[in-house]
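This report is written for someone who meets this structure for the first time. Please look over the sequence and the model first, and then read on.

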Amino acid sequence: MTASKQKIRLRVSGRVYEMDIAPEKEEVYRLAEKQVNTNVGKLQKTYGESVSAQDCLAITALQFAIDNIAIARQNQLSDDDMKALDELSQKLDRHLNRIPAQRKGTK
């Protein structure tokens, strides 16, 4: 059974976009809408009429893509670190299991 969808309207850089989304994702979409509009507004304020709204959206998309890639790489490093720690833990367990019980402090 598919989850029910709801229709929402997002206004990005003055244009309205209708989307069908899962209700539990609405907050994320609204926050994204706000973040994009805030960033576009800052760029328009900084550069004035020398850049178009389309340019501001393109720069915003590029900035968000760069941030997304940086986060993905950071998470990848964390995953690699966790794998290395898990392997080290397994080696330590194998080593400790080879030590006779008397040497481990139990009789």
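## Helices, core and salt bridges

N39 is found in helix 1, and in this predicted model N39 is buried, with a relative accessible area of 17%. Once its neighbours within four places in sequence are left aside, N39 is in contact with T60, Q63 and F64.

One of those partners, T60, belongs to helix 2, which runs over residues 53-98. T60 is buried as well, at a relative accessible area of 2%, which falls under the 20% that marks a buried residue. Apart from neighbours within four places in sequence, the contacts of T60 are V36, N39, V40 and L43.

Which residues make up the largest nonpolar core? The core consists of five residues, namely V12, V36, V40, L43 and C56, and helix 1 gives the most to it, with three residues. As a general background, nonpolar side chains in soluble globular proteins tend to be buried together. V40, one of the core residues, is in contact with S13, C56, L57 and T60 when neighbours within four places in sequence are left aside.

A72 offers another view of helix 2, in which it lies. Is A72 buried or partly exposed? With a relative accessibility of 44%, A72 counts as partly exposed, because this value lies between the 20% limit for buried residues and the 50% limit for exposed ones. From A72 to A61 the separation is 11 residues in sequence and 16 Å in space, taken from C-alpha to C-alpha.

Turning to charged side chains, how many salt bridges are there? The count comes to five. In general, side chains of opposite charge can pair when their charged atoms come close. The table gives three of the pairs, with the distance from N to O.

| Salt bridge | Distance, N to O |
|---|---|
| R9 and E18 | 3.2 Å |
| E26 and R30 | 3.2 Å |
| E33 and R30 | 3.8 Å |

Salt bridges that share partners join K7, R9, E18 and D20 into one network. Within that network, the side chains of R9 and E18 meet in a salt bridge, and E18 is partly exposed, at 47% relative accessibility.

R30 takes part in a salt bridge with E26 and in another with E33. E26 and R30 are four residues apart in helix 1, which spans residues 26-47, so about one helical turn separates them. E33 and R30 also both lie in helix 1, where they are three residues apart, about one turn of the helix. As for accessibility, E26 is partly exposed with a relative accessible area of 26%, and R30 is partly exposed with 30%, whereas E33 is buried, with a relative accessible area of 15%.

Finally, there is the matter of how confident the predictor is. The mean pLDDT of the protein is 88, and 91% of its residues reach 70 or more. Where in the protein is confidence lowest, and where is it highest? Confidence is lowest in helix 2, at a mean of 88, and highest in strand 1, which covers residues 6-12, at 97.

Definitions and conventions. Residues numbered from 1 in each chain as written. Predicted model: local features only at pLDDT ≥ 70, side-chain atom pairs only at ≥ 80, totals over all residues. Heavy atoms only, no water. Helix = DSSP H or I, 4+ residues; strand = E, 2+ residues; numbered from the N terminus. Buried < 20%, exposed > 50% of the residue type's maximum accessible area, 1.4 Å probe, protein only. Contact = heavy atoms within 4.5 Å. Salt bridge = Lys/Arg side-chain N within 4 Å of Asp/Glu carboxyl O. pLDDT = per-residue confidence, 0-100. Core = buried A, V, L, I, M, F, W, Y, C linked by side-chain atoms within 4.5 Å.
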